[in-house]
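Colleague: I am new to this structure and should be grateful for a close look at a single part of it. Please take one strand and explain how it sits among its surroundings.

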Amino acid sequence: ACLILLLALLVGISCREIIRDFNSVKISNDATATSSVGAGHNTTNTSFLYTTNNDINSTVQVLGSSAFWRIRFRDGMLTCEIGANHDVLTTSLLDTTQDNFLMQYQNNILIHVHGLQHTGTGFLRSTIHKILGGNANVSVQHSPGVIEDEGQHMQSVYPRGYNRLYAWKRANTHNISQFMYLPDLCNLPEPNQTGHILMQNWSNYWDTSKQYLIQKTPFLDVGFLERVKIMPTFHAIILRHPMMYNEFQTWKEVRDNPDFLLGWLDVWTHVLDLLANDQVESYAIVTYESLVDYTDDVGKEMMDIIQHDNSHTFDPILGRRLHFHSAKNTSKYLRPTRKMVDRWKQCLTREPCHDLLEDLNNDVFPYMGYYLDSLDPRSVSVGDDFGSVLFSSNKRPPDELVTKMRKLLAKYS
C-alpha cells in the first residue's frame with residue numbers, strides 16, 4: 001500500500017483519487033465481481049477502469065478502458081473502441097431470469113434531464129416532477145448519499161463525472177468539452193443489450209409502479225442515452241447563456257479554463273446537430289432564462305410535448321397553471337454575481353474570447369432569445385417571444401443555426 005501511494009505521488013495523482021478508483025472500478029477477469037453502485041444495492045461492476053499504459057504507437061494515448069469501451073486520444077481528438085471483454089460481460093450481465101424485462105417498462109416513460117453543470121438541471125427536474133402530478137405519478141431516482149440523486153452515480157455502464165475529469169487530465173489538453181458528451185462518441189455493437197444492463201442498474205432506485213421515471217445527470221450524453229433506450233424516452237435539456245454560469249461550475253478545471261466559451265460552443269454544436277438531424281426521437285430544449293421567467297408557459301408546453309410524443313392521456317387537473325415563483329422576485333436569478341462580472345470582463349480583455357463572444361452575440365444568441373446590444377456584463381433574460389420551449393421534437397433546431405455554429409467552431413478551434 002505504501003509503495004502504491006509513493007508511486008501515486010510521483011506521477012502527480014492524489015491519494016484520494018487512487019483510493020477512490022481502487023475501491024470503485026476494479027474488475028475481475030471472469031467479469032463476476034460485484035460492488036455497490038449506490039447505497040443498499042449490489043450490481044455487477046463494469047465501472048470505467050483507468051489504465052496507465054500507452055499504446056505502442058506513442059501518439060495514441062489510452063486514457064481509460066472498461067469492459068465496454070476503450071477511450072483513446074489521437075491527434076487532439078477522442079476516439080472510442082469496443083472493450084476486449086464487451087461480449088463476455090454483456091452476456092453475463094443480462095438478467096436471463098426475466099424474459100419479460102424489456103416488456104415490463106413499456107408502460108413507463110423515462111425522462112432524462114440533461115444540461116451542463118449548475119445551469120438549472122435541478123430546477124428543470126423539479127418543474128417536470130410538478131407538471132406531471134408529483135409523487136402520485138412520478139418517481140425521481142433516489143439513493144442515500146448519492147450526490148444530488150444523479151443517475152450517473154447509480155450505474156456502472158458509462159463513465160461518471162470523476163472518470164471523465166481524470167481522463168481529461170491524462171489527455172493534457174485544454175479541450176474539455178468532448179468529455180461533456182463522451183459516451184456519444186462510443187460505437188456500441190449491441191445498444192439494446194447495453195440499455196438493458198443500464199436499466200437493471202437504475203431500476204433499483206425508482207418506484208417503477210409510477211408512470212414517469214426521471215433520471216438527472218448534468219452532462220449532455222443525449223445521443224448515447226437515445227441509442228441505448230429500451231422504453232419510451234423523453235429528453236429534457238436545459239441551456240443557459242455561457243457568461244452566466246461559470247462561477248458555479250463544480251470542476252475548477254472547467255471553471256478556470258481559458259477556452260470555456262469555445263467549449264460551450266462545441267458542446268451545443270454537438271447536441272443541436274444531433275437534434276437537427278433527427279437523431280433523437282422525443283425531446284425539448286428550454287433556456288434557463290425562460291424557465292425562470294415563464295415557468296407556467298414553459299412547463300405547460302413541455303407537458304404537451306410529452307403527451308403528444310408518447311400518446312399518453314393526462315389527468316385534466318395537470319393542465320392547471322403553475323406558480324413556482326409567485327412569491328419571489330425572479331429577476332434575481334438572472335443577474336450576474338460579482339464573480340460572473342469579473343469573469344465576463346476577463347473574457348473581454350482576451351482577443352479570442354472577446355471575438356468569439358461578439359460572433360456568438362451576432363450569429364448564434366439571437367436564435368436562443370438572447371438580445372444583448374453590447375458585450376458589457378449585464379443581466380441576461382429572454383423576451384416574450386422566447387418565453388416557451390426553445391426547440392423540440394415538433395420544432396427542431398434550424399439547419400442554418402447549426403451551420404453557423406459549425407463555422408464558428410472551425411474558425412476558433
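Modeller: A residue is called buried here when its relative accessible area is under 20%. The model is a predicted one, and the part chosen is strand β6, residues 109-114. By that cut-off, six of the six residues of β6 are buried, so the strand is largely enclosed by the rest of the structure. The burial concerns both faces of the strand: Ile109, Ile111 and Val113 lie on one side, while Leu110, His112 and His114 lie on the other.

Two partner strands run parallel to β6. Strand β8, residues 212-216, is joined to β6 by five bridges, and in this pairing isoleucine 111 stands opposite isoleucine 214. Strand β9, residues 233-239, also pairs with β6 in the parallel sense, over five bridges; here valine 113 of β6 faces alanine 236 of β9.

Isoleucine 111 deserves particular attention. Apart from its neighbours within four places in sequence, this residue is in contact with Ile128, Leu132, Tyr212, Leu213, Ile214, Gln215, Phe234, Ala236 and Ile306. Ile111 also belongs to the largest nonpolar core, which has 83 residues. Together with Trp268 and Met302, Ile111 is among the residues with the most contacts inside that core. The largest share of this core, 11 residues, is supplied by helix α9, residues 260-276. Separate from it is a second core of 19 residues, including Leu198, Met199, Ile230 and Met231.

Key: Residues are numbered from 1 along each chain as its sequence is written. This is a predicted model: local features need pLDDT of at least 70, side-chain atom pairs count only at pLDDT 80 or more; totals for chains, interfaces and linings use all residues. Side-chain values use heavy atoms; hydrogens and water are left out. A nonpolar core is a set of buried Ala, Val, Leu, Ile, Met, Phe, Trp, Tyr and Cys residues joined through side-chain atoms within 4.5 Å. Buried means under 20% relative accessible area, exposed over 50%, partly exposed in between (1.4 Å probe, protein chains only). Helices (H or I, at least four residues) and strands (E, at least two) are DSSP runs, numbered from the N terminus. Contact means heavy atoms within 4.5 Å. Two strands pair if DSSP finds at least two bridges between them.
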